[in-house]
Amino acid sequence: MNVKQAASDKEIEQIIDLRDRILRQPWGQPKETATDALEQSSINAYIRDAAENIIACGRLQENENKIGQIRFMAVDNTQQGKGLGKKIVEFLEDKAKQLHLSKIELQARENAVEFYKSMGYSIKEPSFLLWGQIQHYLMEKIIT
């Protein structure tokens, strides 16, 4: 399964559908919270399965001072633990290097901290409690 970069509005909509299903619906949050105004200026990466369903995604946006941010990482519940998230992060890191970004930051949910640590990210600080129940940690990785 190869990682691809979204090139159409239809692909972005399918990515948002996956984000909504994995990152929002379990907490009763509206679909609008699975997207923002930066979709078109960001790099949306995704992986499809054999049936052409998007089963993993993540987004890289460029913030100020050549700092990238990975957001909206999601892997279908049936596909977790198969290395798809790692493929998405590696793809986005390669894109960050092409853009000459100095580092990548992200807000990791507590259950994803060990995954990001295994990919070379370190915790800067605990950040916020999403919806009063999901602890997040600001993590970063220097891009060389």
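Trainee: Which residues of helix 1 are buried?

Mentor: Please keep in mind that this is a predicted model. A residue counts as buried when its relative accessible area is under 20%. In helix 1, the residues that meet this condition are Glu11, Ile12, Ile15, Ile16, Leu18, Arg19, Asp20, Ile22, Leu23 and Arg24.

Trainee: Why do residues three or four places apart in an α-helix point the same way?

Mentor: An α-helix has 3.6 residues a turn, so residues at that spacing point the same way. Among the buried residues of helix 1 you may find Ile12, Ile15, Ile16 and Arg19.

Trainee: Which elements do the buried residues of helix 1 pack against?

Mentor: They pack against strand 1 (4–5), strand 2, strand 3, strand 4 and strand 5.

Trainee: Is Glu13 buried, partly exposed or exposed, and why?

Mentor: Glu13 also has its place in helix 1. Its relative accessibility is 43%, and therefore Glu13 counts as partly exposed. Between Glu13 and Leu106 there are 93 places in sequence, and their C-alpha atoms lie 22 Å apart in space.

Trainee: Let us turn to the whole chain. How many helices and strands does the protein have, and in what order do they run?

Mentor: There are 3 helices and 7 strands. Read from the N terminus, the order is β-α-β-β-β-α-β-α-β-β.

Trainee: What does the radius of gyration say about this protein?

Mentor: One compares the value with that of a compact globule of equal chain length. For 144 residues such a globule would have a radius of gyration near 15 Å, and the protein has 14 Å, which agrees. The C-alpha trace spans about 35 × 35 × 30 Å along the principal axes. Of the 144 residues, 48% count as buried. Contacts give a further view: among those between residues at least 6 apart in sequence, 58% join residues at least 24 apart.

Trainee: How many residues does the largest nonpolar core have, and which have the most contacts inside it?

Mentor: The largest nonpolar core has 28 residues, and Ile70, Ile88, Leu92, Tyr116, Tyr121 and Met139 have the most contacts inside it. Two or more residues come from each of strand 2 (43–48), strand 3 (54–62), strand 4 (67–75), helix 2 (84–98), strand 5 (103–109), helix 3 (113–118) and strand 7 (134–142). Helix 2 supplies the largest share of this core, 6 residues. A second, separate core has 12 residues, including Ile16, Leu18, Leu23 and Ile54.

Trainee: Which residues does Met139 touch?

Mentor: Leaving out residues up to four places away in sequence, Met139 touches Ile104, Glu105, Leu106, Ala108, Val113, Tyr116, Lys117, Tyr121, Ser122, Ile123 and Lys124.

Trainee: How much space lies in the largest pocket, and which residues lie nearest its centre?

Mentor: The largest pocket holds about 820 Å³ of space. Its lining has 30 residues, and Leu23, Met73, Arg109, Ala112 and Tyr116 lie nearest the centre. Helix 1 (9–24), strand 4, helix 2, strand 5, helix 3 and strand 6 (122–130) each give two or more residues to this lining. Strand 4 gives the most, with 7 residues. Sorted by class, the lining has 17 nonpolar, 9 polar and 4 charged residues. Two residues may be recalled from the cores: Tyr116 is in the list for the largest core, and Leu23 belongs to the second core.

Trainee: What can be said of Trp27, and with which residues is it in contact?

Mentor: Trp27 lies in the loop between helix 1 and strand 2. Because its relative accessibility is 30%, Trp27 counts as partly exposed. Beyond its neighbours within four places in sequence, Trp27 is in contact with Ile22, Arg109, Trp131, Gln133 and Ile134. Although Trp27 and Trp131 are 104 residues apart in sequence, their C-alpha atoms are 8.3 Å apart.

Trainee: How far apart in space are Gln5 and Gln29?

Mentor: Gln5 and Gln29 are 26 Å apart, C-alpha to C-alpha, with their positions 24 residues apart in sequence. Gln5 is found in strand 1. Outside its neighbours within four places, Gln5 contacts Glu11, Ile43, Asn44, Tyr46, Phe91 and Lys95.

Trainee: Finally, where are Glu52 and Asn65 placed?

Mentor: Glu52 is in the loop between strand 2 and strand 3, and Asn65 is in the loop between strand 3 and strand 4. Glu52 is not a glycine, yet has a positive phi of about 70°. Asn65, likewise not a glycine, has a positive phi of about 60°. Since its relative accessibility is 67%, Asn65 counts as exposed.

Note on methods. Residues numbered from 1 in each chain as written. Predicted model: local features only at pLDDT ≥ 70, side-chain atom pairs only at ≥ 80, totals over all residues. Heavy atoms only, no water. Core = buried A, V, L, I, M, F, W, Y, C linked by side-chain atoms within 4.5 Å. Buried < 20%, exposed > 50% of the residue type's maximum accessible area, 1.4 Å probe, protein only. Helix = DSSP H or I, 4+ residues; strand = E, 2+ residues; numbered from the N terminus. Contact = heavy atoms within 4.5 Å. 1 Å grid on protein atoms, 1.4 Å probe; cavity = no way out; pocket = protein on both sides within 12 Å on 5 of 7 lines; lining within 4 Å. Points joined across faces, edges and corners; volume = space filled by probe spheres on them. Nonpolar A, V, L, I, M, F, W, Y, C, P; charged D, E, K, R; others polar. Rg over C-alpha atoms; globule rule 2.2 N^0.38 Å.
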